[in-house]
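User: Please take a close look at the charged side chains here, and tell me what surrounds them.

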Amino acid sequence: MNSKIAVVTGAAGGIGAVFADRLAGLGATVVRVDIDYGTETDDQLHLDVADPASWGRLRDLIHERFGPVDLLVNNAGISARADLLTTTDEDFTRVLAVNAFGPWRGIKTFADDLAHTRGAVINVGSIYGVTTPPIGAETIPSSVAYQMSKAAVHQLTKIAAVELAPRGIRVNAVLPGVFRTPLLDQLPSAALDARVSGAPMSRPGEMDELANALAFLSGPESSFVTGVLLPVDGGYLAAS
């Protein structure tokens with residue numbers, strides 16, 4: 001990734017921060033963007049992925065400071081812990097605006113850059129865009145809005161891979177399973193066990209394992225890989 005320019009959304013914490021650190025470790029110049037960056041630096045910029053004007057501003061700043069983008073990682077995402085019948089219109093709209101419209105806008109914003117650099121897009125989907133989380137008295141509330149938004153990201157990945165391949169742009173997605181994060185550690189033990197037990201490997205993943213998948217999809221080793229939804233889930237989807 002030496003001399004490559006990578007943009008990672010939702011980079012202020014969690015998966016986004018891990019991805020940004022891994023890409024920087026591989027030699028990329030990483031532009032970390034997040035709605036939580038109130039104070040900006042050269043490589044930490046404010047972005048509201050639900051706001052088209054915010055994307056335009058980001059593109060202009062990156063072109064001014066760094067040049068055309070080689071890699072876009074659409075990671076920013078939110079959830080609304082409510083089931084089908086209790087999800088409000090406002091929550092549903094907000095989740096889709098960030099999780100589904102955000103990646104779509106990101107791809108549109110940097111498509112010309114990526115065509116110029118023969119670059120790549122990596123979207124962050126979810127196993128819960130394919131299957132449903134465990135349901136029961138011992139589990140935490142699900143999120144119909146989140147699950148539907150991630151299913152949309154998966155389809156966006158396939159469509160963009162097909163439509164942008166003639167322009168030399170690869171588009172793939174990673175589908176994280178249950179990973180060891182501070183949020184996961186805060187779950188009640190019964191809720192954690194219910195989610196972990198769904199994977200044949202019977203453990204949560206480590207963040208470095210997810211970053212390894214990102215590194216593969218980012219680099220030349222995956223130059224003939226596009227349109228892939230790559231589960232990194234300890235076999236969760238295979239067993240579901």
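Analyst: Happy to help; we will start with a lysine, then turn to the cores and the salt bridges.

A word on the basis comes before that: this is a predicted model, in which local features need pLDDT of at least 70, side-chain atom pairs count only at pLDDT 80 or more, and totals for chains, interfaces and linings use all residues. Residues are numbered from 1 along each chain as its sequence is written, and side-chain values use heavy atoms, with hydrogens and water left out.

Lysine 150 sits in helix 5, residues 144–164 (helices are DSSP runs of H or I with at least four residues, strands are runs of E with at least two, both numbered from the N terminus). Lysine 150 is buried (under 20% relative accessible area; exposed is over 50%, partly exposed in between, with a 1.4 Å probe and protein chains only). Even so, lysine 150 has no salt bridge (a side-chain nitrogen of Lys or Arg within 4 Å of a carboxyl oxygen of Asp or Glu). Its nearest side chain of opposite charge, aspartate 34, is 13 Å away (Lys and Arg count as positive, Asp and Glu as negative; His and the chain ends are not counted). Leaving aside residues up to four places away in sequence, lysine 150 touches Asn99, Val124, Gly125, Ser126 and Gly129 (contact means heavy atoms within 4.5 Å).

Next, the cores. The largest nonpolar core has 26 residues, and Val7, Leu58, Ile62 and Phe110 have the most contacts inside it (such a core is a set of buried Ala, Val, Leu, Ile, Met, Phe, Trp, Tyr and Cys residues joined through side-chain atoms within 4.5 Å). Helix 5 is among the elements that each supply at least two residues of this core, along with strand 1, strand 2, helix 2 and helix 4.

Now for charges that do pair up: the structure holds seven salt bridges. One of them joins aspartate 208 and arginine 22 at 3.9 Å, N to O. These partners lie 186 residues apart, in helix 8 and helix 1 respectively. Aspartate 208 is exposed at 51% relative accessibility, while arginine 22 is partly exposed at 22%.

Glutamate 40 and arginine 57 also meet, at 2.7 Å, N to O. Both are partly exposed, glutamate 40 at 29% and arginine 57 at 37%.

Arginine 167 and aspartate 112 form another salt bridge, at 2.8 Å, N to O. Arginine 167 is in the loop between helix 5 and strand 6, and aspartate 112 in helix 4, so this pair ties together parts 55 residues apart in sequence.
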